[in-house]
Amino acid sequence: MSGTSSVGGRGVYEAGDQRNVKDSEINDAERYKEGQPNSHVANDSKDERSIANKLAREEKRQKEPEPISKEAAESQADPTLPAKKHGNEPSKGAKIDAEIQQEEEEMLRKKGIKK
């Protein structure tokens, strides 16, 4: 039937792009990064993990410390730093926080707790 078509040549309809892969090639093929970490979304409603597995994961997560980003750690050390990094003047609240933090550090040094 493909020989009677007026759309294109016979090569267009040949099975060149529709050939099946041999079973031996499928078994030898490298699998695509099987078992990646964080492949499960914890609160995915369609996830097929059992309730016991979800509870066990939550218990582990509660024991793990939450990761703090570099910028968050720097802002805890100096409240005015994020604004300065972005080329802006720190807010009034950030300036007050910096003053309070400095006063507390001086008090701790006087007491001998912090050097």
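This is a short dialogue on reading a predicted model of one protein chain.

Biologist: What are the ground rules for this model?

Modeller: It is a predicted model, so local features need pLDDT of at least 70, side-chain atom pairs count only at pLDDT 80 or more, and totals for chains, interfaces and linings use all residues. Residues are numbered from 1 along each chain as its sequence is written, and side-chain values use heavy atoms, with hydrogens and water left out.

Biologist: What does the pLDDT say about the protein chain?

Modeller: pLDDT is the predictor's confidence in each residue, from 0 to 100. Where it is low, the predicted coordinates should not be read in detail. Here the chain averages 78, and 70% of the residues score at least 70. By element, helix α1 (residues 23-28) has the lowest mean, 66, and helix α5 (residues 92-111) the highest, 92.

Biologist: How many helices and strands are there?

Modeller: Helices (H or I, at least four residues) and strands (E, at least two) are DSSP runs, numbered from the N terminus. This chain has five helices and zero strands.

Biologist: Which span should α5 have?

Modeller: The expected span is 1.5 Å times one less than the number of residues. The 20 residues of α5 should therefore span 28 Å; the end C-alpha atoms are 29 Å apart, which agrees. After α5 comes Gly112, with a positive phi near 85 degrees.

Biologist: Is Thr80 buried or exposed?

Modeller: Buried means under 20% relative accessible area, exposed over 50%, partly exposed in between (1.4 Å probe, protein chains only). Thr80 counts as buried because its relative accessibility is 7%. Its place is in the loop between α3 (70-77) and α4 (81-85). Not counting residues up to four places away in sequence, Thr80 touches Pro90, Ala94, Lys95 and Ala98; contact means heavy atoms within 4.5 Å. Across the chain, buried residues make up 3% of the 115 residues.

Biologist: How many salt bridges does the whole structure hold?

Modeller: Side chains of opposite charge can pair when their charged atoms come close. The cut-off is a side-chain nitrogen of Lys or Arg within 4 Å of a carboxyl oxygen of Asp or Glu. The search finds five. One of them joins Lys95 and Glu89, at 2.8 Å between the closest N and O atoms. Lys95 is partly exposed, at 36%, whereas Glu89 is exposed, at 61%.

Biologist: Where do Arg109 and Glu105 lie?

Modeller: An α-helix has 3.6 residues a turn, so residues three or four places apart point the same way. Arg109 and Glu105 both lie in α5, four residues apart, about one turn. Their side chains meet in a salt bridge (3.7 Å, N to O).
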